[in-house]
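Trainee: I should like to request a close look at a single part of this model, followed by an account of its surroundings. Please begin with any term that the account requires.

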Amino acid sequence: MEDDLKIRDAIEGDVDDIYNVHTEAIRKKCSSHYGTEDIDLWVARQNKEKYLPYIAAREIVVAEKLGKVVGFGHLLDCKESDWKTMQIRGLFVLPDCGVKGVGSALMKELEKRARDCSAYCLIVQSSLNAVEFYRKCGFIPLELTTHQMSEQLCLQCHKMMKKL
């Protein structure tokens, strides 16, 4: 991780940057595993206002480099089992910042926050293009499944888990 990278809680003023990171990552990284129509529908369903309640709940963290938001992660409680499980709802990095430690730094922070909440386990429904990243972070694939994103969009993904 580079010294000029800072991980912090997202604030309302980050909404435009979070949206841009999210949509750019979908368009440029996810397109290697999903068709053009799926990518277009996935991007079209994003809107800046949807992040605001998660920011207010302190569920989103951002990676900032030289004052610019270059990635974000979203962590929330999950009721999957009898033991405390938390879910990574998303972890996205600007495509130009890939393989530079940004995603790993965000993951480290999400794991710390999960442990601080007494979680024993993290789960994620990984997009197909991100499976290798999550494996490198210690996640194990549980099953190939689908994620119903809207009436028009259902994407294949890997449900993955990591014990903390």
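Mentor: A residue is called buried when its relative accessible area is under 20%, exposed when that area is over 50%, and partly exposed in between. The model is a predicted one, and the part to be examined is helix α1, residues 15-28.

By the cut-off just given, the buried residues of α1 are V15, I18, V21, H22, T23, A25 and I26. An α-helix has 3.6 residues a turn, so residues three or four places apart point the same way. N20, also found in helix α1, is partly exposed, because its relative accessible area of 39% falls between the limits of 20% and 50%. The C-alpha atom of N20 is separated by 9.2 Å from that of K48, although the two residues are 28 apart along the chain.

The length of the helix can be checked in a simple way. The 14 residues of α1 should span 20 Å at 1.5 Å a residue, and the C-alpha atoms at its ends are indeed 20 Å apart, so expectation and model agree.

The partner of α1 to be considered here is helix α2, residues 36-44. The two helices pack with their axes 9 Å apart and at an angle of about 175°. Because angles over 145 degrees count as roughly antiparallel, α1 is roughly antiparallel to α2. On the α1 side, T23, I26 and R27 take part in the contact, and they meet I39, D40, W42 and V43 of α2. Sorted by class, this contact of α1 with α2 comprises four nonpolar, one polar and two charged residues. Two of the participants from α1, T23 and I26, are among its buried residues.

The account now passes from the helix to the core. I18, a buried residue of α1, and W42, which belongs to the α2 side of the contact, are both listed among the residues with the most contacts inside the largest nonpolar core. That core has 48 residues, and the same list includes I88, L91, V102, Y134 and F139. In soluble globular proteins, nonpolar side chains tend to be buried together.

Helix α4, residues 102-116, supplies the largest share of the core, namely six residues. The buried residues of α4 are V102, G103, A105, L106, M107, E109, L110, E111, R113 and A114, a list that includes charged as well as nonpolar residues. The 15 residues of α4 reach 21 Å from the first C-alpha to the last, close to the 21 Å expected at 1.5 Å a residue. V102 is in contact with L5, A63, V70, G71, V93 and C97, its neighbours within four places in sequence being left aside.

Two backbone features deserve a remark. Most residues other than glycine have a negative phi. Just after α4, however, S118 takes a positive phi of about 65°, and its place is the loop between α4 and β5 (121-127). R58, likewise not a glycine, has a positive phi of about 60° and lies in the loop between α3 (52-56) and β2 (60-65). R58 is exposed, because its relative accessible area of 54% is over the limit of 50%.

Technical notes
Residues numbered from 1 in each chain as written. Predicted model: local features only at pLDDT ≥ 70, side-chain atom pairs only at ≥ 80, totals over all residues. Heavy atoms only, no water. Core = buried A, V, L, I, M, F, W, Y, C linked by side-chain atoms within 4.5 Å. Buried < 20%, exposed > 50% of the residue type's maximum accessible area, 1.4 Å probe, protein only. Helix = DSSP H or I, 4+ residues; strand = E, 2+ residues; numbered from the N terminus. Contact = heavy atoms within 4.5 Å. Axes fitted to C-alpha atoms, helices over the stretch in contact; angles between N-to-C directions. Parallel < 35°, antiparallel > 145°, perpendicular 65-115°, else oblique. Expected span 1.5 Å × (residues − 1).
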